[in-house]
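Me: I would like a close look at a single part of this protein, placed in the setting of the whole chain. Please take me through it slowly, as I am in my first year.

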Amino acid sequence: MDITDARAECNAVLDAISRSVIADREFLETALLGVLARGHVLLEDVPGTGKTLTANSLASALGLSFSRIQFTPDLLPADVTGTHVFDESEGTFDFTEGPIFANVVLADEINRAPPKTQAALLEAMAEGQVTVDGDTHQLPQPFFVIATQNPVEQAGTFPLPEAQVDRFLVKQSIGYPDADGERELLQRRLGRTERSPSIDPVLDGDRVRALREVPESVRVDDDLVSYIADITRETRTRNQVDVGVSPRGTQRLLEAARARAVIVGRDYVTPDDVKRVAGPVLAHRLVLTPDASVDGASKAAIVDRVLESVSVPTLE
């Protein structure tokens with residue numbers, strides 16, 4: 001699949017999701033970055049803004065298997081990964097797959113489960129496999145997690161550990177629709193009998209796998225490589241930041257910039273690609289100092305100031 005075909009496939013997926021979800025195109029593109037860059041997406045917003053619908057619509061448009069895990073305080077790790085069940089007729093223990101065994105997994109309200117259960121996703125997100133009772137099981141490919149969470153100040157939530165937050169390629173908020181968007185939402189509801197809309201598949205598993213290969217062919221000049229490294233290194237020098245972006249985050253910024261280039265139909269990365277994805281890719285990876293946290297410092301604003309302070313290369 002070449003860049004032109006990949007862009008057409010991306011536009012078809014985004015158009016299909018737009019028929020189901022009332023959201024900015026930029027938000028939908030950010031969610032699609034996770035698919036193209038082989039990462040995972042974290043959506044944080046108040047209930048009822050369309051996070052679950054976005055995940056379900058994305059899975060349907062891609063033509064992939066979908067599984068939803070509702071995270072609750074009493075959810076156990078085995079409820080996510082699966083467990084061994086004794087077969088009396090054979091006298092053996094057989095592994096029963098958990099809901100993690102799907103192409104697209106919605107970890108709904110992930111921060112309502114305790115850290116032990118949250119951690120059940122770590123190996124799956126990092127390596128595409130799960131280990132249960134010493135046995136390793138490969139997950140279906142492609143594998144992609146969309147996690148949703150309510151704002152941490154709401155009751156009954158457990159903030160995600162920094163190590164797990166760092167596993168997400170991007171973090172984004174869908175926000176409330178504007179007045180026109182909310183009216184459009186109501187008009188769509190009047191036009192159907194079902195409460196939630198449904199969309200037809202645009203791609204299938206083979207085409208999604210081919211699509212994910214395309215960003216690897218996108219050219220990144222040496223000046224852009226240095227620019228990406230300078231941005232992440234600058235996050236570690238800020239007075240308000242206790243822990244800056246990790247080397248993993250540096251790689252994810254590169255991968256997201258390449259994916260962004262594919263979405264807009266280019267076979268090379270520009271500084272604008274890096275700037276467009278820097279906020280969703282980097283902000284959630286910052287750990288602020290206690291004073292900055294008390295003062296209500298914005299991680300997104302810190303990333304913006306970093307981008308302003310780093311010299312932008314000129315492409316020839």
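Reply: The protein exposes about 15,200 Å² of surface, and carbon and sulfur atoms supply 47% of that area. What you see is a predicted model, and every value below was computed from it. Before turning to the part I have chosen, which is helix H2 and the loop after it, it helps to have the whole chain in mind.

The protein has 14 helices and eleven strands, and its C-alpha atoms fill a box of roughly 70 × 45 × 40 Å, taken along the principal axes. A compact globule of 316 residues would have a radius of gyration near 20 Å, and because the protein has 20 Å, the two agree. Of the 316 residues, 46% count as buried. Among contacts with a separation of 6 or more, 77% are between residues that are 24 or more positions apart. As for charge, the mean positions of the 32 positive and the 50 negative charges are 4 Å apart.

Now to helix H2, which runs over residues 25–36 and has twelve residues. From its first C-alpha to its last it reaches 16 Å, close to the 16 Å expected at 1.5 Å a residue. The helix is mostly covered, since ten of its twelve residues are buried, and the buried ones are Phe27, Leu28, Glu29, Thr30, Ala31, Leu32, Leu33, Gly34, Val35 and Leu36. Notice that Glu29 and Thr30 stand in this list beside Leu28 and Ala31. In reading such a list it is useful to remember that an α-helix has 3.6 residues a turn, so residues three or four places apart point the same way.

What comes after the helix? H2 is followed by Arg38, whose phi is positive, near 55°, and Arg38 is placed in the loop between H2 and strand E1 (41–44). Most residues other than glycine have a negative phi, and most peptide bonds are trans. Arg38 is not a glycine, yet it has a positive phi of about 55°. Is Arg38 buried, partly exposed or exposed? Its relative accessibility is 43%, and because exposed means over 50% and buried means under 20%, Arg38 counts as partly exposed.

Helix H3 makes a useful companion for H2. H3 covers residues 51–62, also has twelve residues, and reaches 17 Å from its first C-alpha to its last, close to the 16 Å expected. Its buried residues are Lys51, Thr54, Ala55, Ser57, Leu58, Ala59, Ala61 and Leu62. H3, too, is followed by a residue with a positive phi, here Gly63, with a value near 70°.

Elsewhere in the chain, the backbone of Arg38 has a parallel in Glu109, a residue other than glycine with a positive phi near 55°; Glu109 lies in the loop between strand E5 (104–108) and helix H5 (115–118). Another backbone feature is the cis peptide bond that joins Gln141 and Pro142, with omega about 0°, and Pro142 is found in the loop between strand E7 (135–138) and strand E8 (144–149).

Technical notes: Residues are numbered from 1 along each chain as its sequence is written. This is a predicted model: local features need pLDDT of at least 70, side-chain atom pairs count only at pLDDT 80 or more; totals for chains, interfaces and linings use all residues. Side-chain values use heavy atoms; hydrogens and water are left out. Helices (H or I, at least four residues) and strands (E, at least two) are DSSP runs, numbered from the N terminus. The radius of gyration is taken over C-alpha atoms; the globule rule is 2.2 Å times the number of residues to the power 0.38. Buried means under 20% relative accessible area, exposed over 50%, partly exposed in between (1.4 Å probe, protein chains only). Contact means heavy atoms within 4.5 Å. Accessible areas come from the Shrake-Rupley method with a 1.4 Å probe; for residues, only the protein chains shown count as cover. Lys and Arg count as positive and Asp and Glu as negative; His and the chain ends are not counted. The place of a charge is taken as NZ of Lys, CZ of Arg, CG of Asp or CD of Glu. The expected span of a helix is 1.5 Å times one less than its number of residues.
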